[in-house]
Amino acid sequence: MKEIMYIILLMVFSVGKITAQQTPAKSQSETITIVGAIAHIGNGEVIENSSIVFEQGKIIAIGDRSAISVKGKVIDASGKHVYPGFIAPNSTLGLVEIGAVRATDDDSEIGTFNPHIRSIIAYNAESKIVESMRPNGVLIAQVTPRGGRISGTSSIVQLDAWNWEDAVLKMDDGIHINWPSIYKRGRWWLGEDAGYKPNKEYAKQVTELEDFINQSYATIQLNNPELEGDLPYLAMKGLFNGTKTLFVHVNSEKGIVDVINFSKKHSFRKVVLVGAYEGYKVADQLKKNNISVLITRTHSNPKLEDEDYDLPYKNAKLLMDKGVLVAIQNSGQMERANARNLPFQAGTVAAHGLDKEKALQLITGNSAKILGIDNFTGTLEIGKDATLFISIGDALDMRTNQLEKAFIQGREISLESHQTKLWKRYRDKYKTK
Amino acid sequence: MRKKIALLALVCVIANLKAQEYFPKNDGVHTSKSNFTVFKNAVIHTTPDTEIKNGTLIIQKGKIIAVGTSVSIPSNSVIVDLKGKHIYPSFIDPFTNFGVQKPKGKGGSPWSGNPQYGSSREGYYWNDHIRPETDALTHFKYNTKKAEEYIKEGFGVLHTHMPDGIVRGTGALIALNSHGTQGDRIISERSAQFFSFEKSKKSKQLYPTSLMGGIALLRQLYHDATWYQLGNVKNKDLTLEAFNKNKNLPQIFDAESRINGFRADKIGDQFNTQYILVGGGDEYARINEVKNTNAKYIIPLNFPEAYDVSDPFMANMLSLGDMRHWNQAPSNPSVLSKNNITFSFTTHNLKKITDLKSRIKKAIEYGLDKKTAIAALTTVPAKILGKSDLLGSIKKGSYANFLITKGELFSKENVIYENWVQGHKNVIHDMDIIDLTGKYDLTIAGKVYDLSISGKSSKPKAEIKLGDSKLGTKMTYTNDWISITFTDVDTTKTQFTRLISSVVEGVDLLKGKAILPNGLVSTFTAKKKEKVNKGKKENKATNHKEEKPEIVKVTYPNIGYGLAQLPLQEDMLFKNATVWTNETDGILKNTDVLIKNGKINAIGKNLNAGNAKVIDATEKHITAGIVDEHSHIAAAAINEAGHNSSAEVTIEDVISPDDINIYRNLAGGVTSIQILHGSANPIGGRSAILKLKWGENADNFLFPNAPKFIKFALGENVKQSNWQSFSRFPQSRMGVEQLYMDYFTRAKAYHKLKNSKKPYRKDVELETLAEILSGQRHISCHSYVQSEINMLMKVAEKFDFRINTFTHILEGYKVADKMVKHGVGGSTFSDWWAYKFEVNDAIPYNATIMHNQGVLTAINSDDPEMSRRLNQEAAKSIKYGGVSEEEALKFVTLNPAKLLHIDDRVGSIKVGKDADIVLWTDHPLSIYAKAEKTIIEGAVYFDLEKDKIMRKSIARERNKLSAMLLKAKNSGLKTQPAKKKEKQHFECETLETIN
């Protein structure tokens, strides 16, 4: 037995050795100025011929090239594009390495009400998938647990770190509720119709959720609630005092209206809908109640046969046109590997009618606002983190999304990955032949 | 108690009276049954089209002796006068399982535990789901109670069978003669052979797991049966013996749906068998194809209940297609009839047999001719079953199976009085009942009340008034006796007056005994007042004004975005476009493209339009239509996972032309696809190559003269690594190689035997594999890891053929040099990876490296979503490795066309090729491009502007149908909850299970 364990350990280590992540970059030691680039600010604005200066990880100057003097090392990016690092909200990056291999899956826990479950401690900063995000400009992610009625607590990380503690940008930023579905799928394996039918348990499930929230609220009214040890209830505290965002994963129109009422009833300060596939039908109410949306992935099929073929493509636009704060998230099939396609999902919204700079906001400025990290990142503005990259062309278009350099908090990160290494290795194999 | 015994005795006597002549009789003496029964003065509807007024019908010993106007009546006759009444042949249901219990399943998924691959019977066929030896009669038990239900509806004969398995064995034709013995009732004990696409519940044998597997199994069965009949098989096979024996019976196929009917019919065509198809009630939506089957149909009346759309959220889930089907389904019989398709009705799939009449009335309301309706219950089923001489009409020699009715069948006022089966009377409503309805002056002990009797003559209701006060009244009327109980004017007192009287025909005065509240017995009289009919007549007049139901139009397919008319080929001139020729001309700016007669006619500057429609394409781009080498849309099945090789199955058998993904793919510029079998087994099934001609039927989707392909698969899926199954070989990559060696060795031997002209057993699976060996069929192999890729090339080389395509081929970059040497192409994902262990080394540079090494490279979808933007996927090769734009576009157009050997027809903009082209709003490889028009053979199948119009019309029609549904609900009709029907989306790894 011991021997087997030893072999397994050896295997794990040897595998680890080959697959180790790119070495995280050292802190910014030298001031850097990027000159000549078309700077996409991430708030809808563009500076055609810009200068961006950053020092000790922060942007200290940005503006028209003529108005800003260079400082430190100068990078000439004439004709190229600079973007704020893209943000992948509601992701399971670093929680699962290989979907089909259970041993590598750490994205969900058993139980129904799990607000105390924290994704951050399982976040694998050395995931091969995480490093593959960066060559496409995705530099920040919200790491979110899955499953249950309340899945747990997410955290926000930057994607170049030695470990989860170093990676954290915002610890325990929000709690995720999977709102009961108003529909239920028939259990075809029991001989039922495979289609959707009304979920008769809906009201009951909402009540159970309400009960849990009431219990949580009651618990935290104690003077020293920590002494009671009710971990799930205590974990909810941040929702009541506004230090945590409530993310409600909900798609149906009815569900969304119910969530709006639910949020008002419990006076949650900050509420974000995740998915909100039918949110466009109640956009005015979302706007009025200041509820923002992490929209269903753009690259998906319409859910109903009669829907517009381009509904998922334009869904973000429909909400944005009504003044709702929207960003794109990418949960769903193969969500981790495909998170690097976030810029192209934004590009697709632009193809279907949204202004390109607004489309960019869907994966930068808006995402930061929704995640509550806009005070230090998400746009190219003075005082914010120098988390940005230079692309040869339009980064929302896969033809021209070609990164030259990328910085996270001023640190110039490697754009290599397991995949680029294999690419070079085999390219060279054939060259030498 | 005593009475009961007496009754029982009576029943026994009756039963014995009907016993066979030679049966011993121990309960009395024999009586003759040779008397005649004569029905006089009736309107006799001998067939739906012929009637005899004032006719006479003579029956004896369960058969019709004579029918006509001037027939002589034998002296030993019992005479029944049917003046004003009608006689019809009684009904026949050709598709029931009356008296035969459907076996219960063993429960659980067939995949759980160690799936059963072998059969479980001895002396029978290798597959448990083929059961032609089943004899319905050995499972049959006459169900008197159920028979009663059918008799009440007018049925005289039912055709029953064992509803279990793909081949279900023989059925029996049973007369609903509850008085008779088994010997009397059985009209035929081997009346037909039954089929379905459902597996037997008696076995958990895995194969077939899919519809196409079921189809392939049936085909092989026919081959094997012939081989067996020729005496070539040494072992005993009771299944094949039975199947051969059953061949000349009517062959009834329970298809359950229109499209499965087409699939069944095709099998029949191959083996000179014309199945009688049990339909799905949705035949109306593709009526021409239904007609082309030349099949006779057995049609259920399973009109859907109205959907409850009062909750708009739930209503939202309902598709236009389902709403339409609710509206249109009642017109199905009428549409069939107008297209001269022979069909019988069945009660199959009705929740209650008693729904029959209302459903038929509804069908009549929706345009069905009454005579056709009657034929569908009488002459047609008799004909279908080959029993017209005995059943279905009133004629000499037929069984005395007939109905006596008040009026014409399915008319509003009609009542079925009696249903005679084999000369035995079943009273449904007493026809001799004296009609008491009317108003009476009721006199009791000097007091005069108003009595009014209304309602059905057999179940009248009474109302008694004293002056203006209405008294609580109850009335019963049985066996010519009426009794009436009524309350006092003062309802606080529990005081009743009871009246009882016998009824004599032709007397307008009822006289009887009255028991007063105080217990005193007195008499009463009730004298009929003169009839006042005025009010009633007015009512009738208004009733006749019933609205004709509105039936919405059928589209092709009959769902949202379906087309009222298929697009026509047009001649078009695109002016001033950027044209991506994919030929040596490269990308041509400001160029015109002329398409004519479905072909690309000219490419150049300032082309003359002639009669062609001119389309300004300034600042727009034209490319060849996208070709997806690896798709799973538009199919009703993807994986036949019941065996480790399923070369016998073909996706062509299961094309689903009604899949909305076809339309959505067109909106992404896709014009041709290869639907590949899944990757559940090392040797998968044959592919279908389609052109996405939205609106067409399944056959017309097939790429004309398409080259033959088969799917192979390697790796985790075929060794079943990611689900619990440990009993099927192979479980390792080592085993996969040996499996191929084995199958190809056998195929080679088969091929040799076949060419030797010696007799051989036709084996569809080996025949397919032999086609590979002889270069007539190409392999597209699902593959990930370099070791196995290399292995398969070596296996092929050993057998002297070449693999055509490695699909997925995520480690192709590691063996690109070997691939070039072997001559195989690669069709890969742009950037998928990390979903399972074997794709750990998948890199997005794969396409680039393969391409640069000279591998013919394509990018495919394997996904109904990604296929909508394959142009974007191709563009990723520019990012990952720097492929030129021109070459990148070829990854999703010309190169897959080459891999599929259809590049002589499609894949580039070249004069003479098919006009399968896309007009893009923008640079086709940019994220910002939208397909504006997608054209196949000169017909526009997707158009951005038309799409907008369709969206509006879908919204309008949904709204209209919602209103109709609400109206139906408010009128008190039964409803069902709105729901979304779910179609399975297939990927390589989807494992579907047929029931």
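Two residues are taken to be in contact if their C-beta atoms, placed from the backbone, lie within 7 Å. By that criterion, 52 residues of chain B are in contact with 44 residues of chain A in this predicted model.

**The side of chain B that touches chain A**

The elements that give two or more residues to this side of chain B are α8 (312-317), α9 (320-328), α15 (660-666), α20 (816-822), α21 (846-853), α22 (870-879) and α25 (944-970) of chain B. The largest share, five residues, comes from α22(B). Sorted by character, the residues on this side of chain B divide into 27 nonpolar, 10 polar and 15 charged. For the complex, the predictor gives an ipTM of 0.94 and a pTM of 0.92.

**Chain B as a whole**

Chain B has 25 helices and 46 strands, and its C-alpha trace spans about 115 × 70 × 60 Å along its principal axes. Of the 995 residues in chain B, 51% are buried. Among the contacts in chain B with a separation of 6 or more, 67% are between residues 24 or more positions apart.

The mean pLDDT of chain B is 92, and 94% of its residues reach 70 or more. Two stretches call for caution: residues 1-18 of chain B, where pLDDT stays under 50 and the model has 10 contacts beyond four places in sequence, and residues 534-544 of chain B, where the pLDDT is below 50 and the model has zero contacts beyond near neighbours in sequence. Where pLDDT is low, the predicted coordinates should not be read in detail.

**Two helices of chain B**

In α22(B), 10 of the 10 residues are buried, so this helix is largely enclosed by the rest of the structure. Among these buried residues are B:Leu870, B:Glu873, B:Lys876 and B:Lys879. What covers the buried residues of α22(B) comes from both chains, and includes α10 (342-351) of chain A together with β34 (626-631), β35 (670-675), α21, β42 (857-859) and α23 (885-890) of chain B.

The other helix, α25(B), has 27 residues and reaches 39 Å from its first C-alpha to its last, close to the 39 Å expected at 1.5 Å a residue. Its buried residues include B:Ile954, B:Arg958, B:Leu961 and B:Leu965. An α-helix has 3.6 residues a turn, so residues three or four places apart point the same way. The buried residues of α25(B) pack against β15 (306-308) and α9 of chain B.

Each of these helices is followed by a glycine whose phi is positive, as the table sets out.

| Helix | Glycine that follows | Phi of the glycine |
|---|---|---|
| α22(B) | B:Gly881 | positive, near 110° |
| α25(B) | B:Gly972 | positive, near 90° |

**A sheet in chain A**

Chain A holds an open sheet of eight strands, in the order β6-β7-β8-β9-β12-β13-β14-β15, with mixed pairing. The edge strands, β6 (86-91) and β15 (326-328) of chain A, each pair on one side only. Neighbouring strands of this sheet are turned by 25° against each other on average, direction ignored.

At the β15(A) edge, three bridges join this strand to β14 (residues 292-295) of chain A, and the two run parallel. Within this part of the sheet, A:Leu294 stands opposite A:Ala327 in β15(A). Strands of a sheet pair through backbone hydrogen bonds, either parallel or antiparallel.

Notes. Residues are numbered from 1 along each chain as its sequence is written. Chains are lettered from A and ligands numbered from 1 in the order in which they are written. This is a predicted model: local features need pLDDT of at least 70, side-chain atom pairs count only at pLDDT 80 or more; totals for chains, interfaces and linings use all residues. Helices (H or I, at least four residues) and strands (E, at least two) are DSSP runs, numbered from the N terminus. Ala, Val, Leu, Ile, Met, Phe, Trp, Tyr, Cys and Pro count as nonpolar, Asp, Glu, Lys and Arg as charged, and the others, Gly among them, as polar. A residue is buried if 20 or more other C-beta atoms lie within 10 Å of its own, exposed if 12 or fewer, and partly exposed in between; C-beta atoms are placed from the backbone. The expected span of a helix is 1.5 Å times one less than its number of residues. Two strands pair if DSSP finds at least two bridges between them. Axes are lines fitted to C-alpha atoms, for helices over the stretch in contact, and angles run from 0 to 180 degrees between N-to-C directions. pLDDT is the predictor's confidence in each residue, from 0 to 100.
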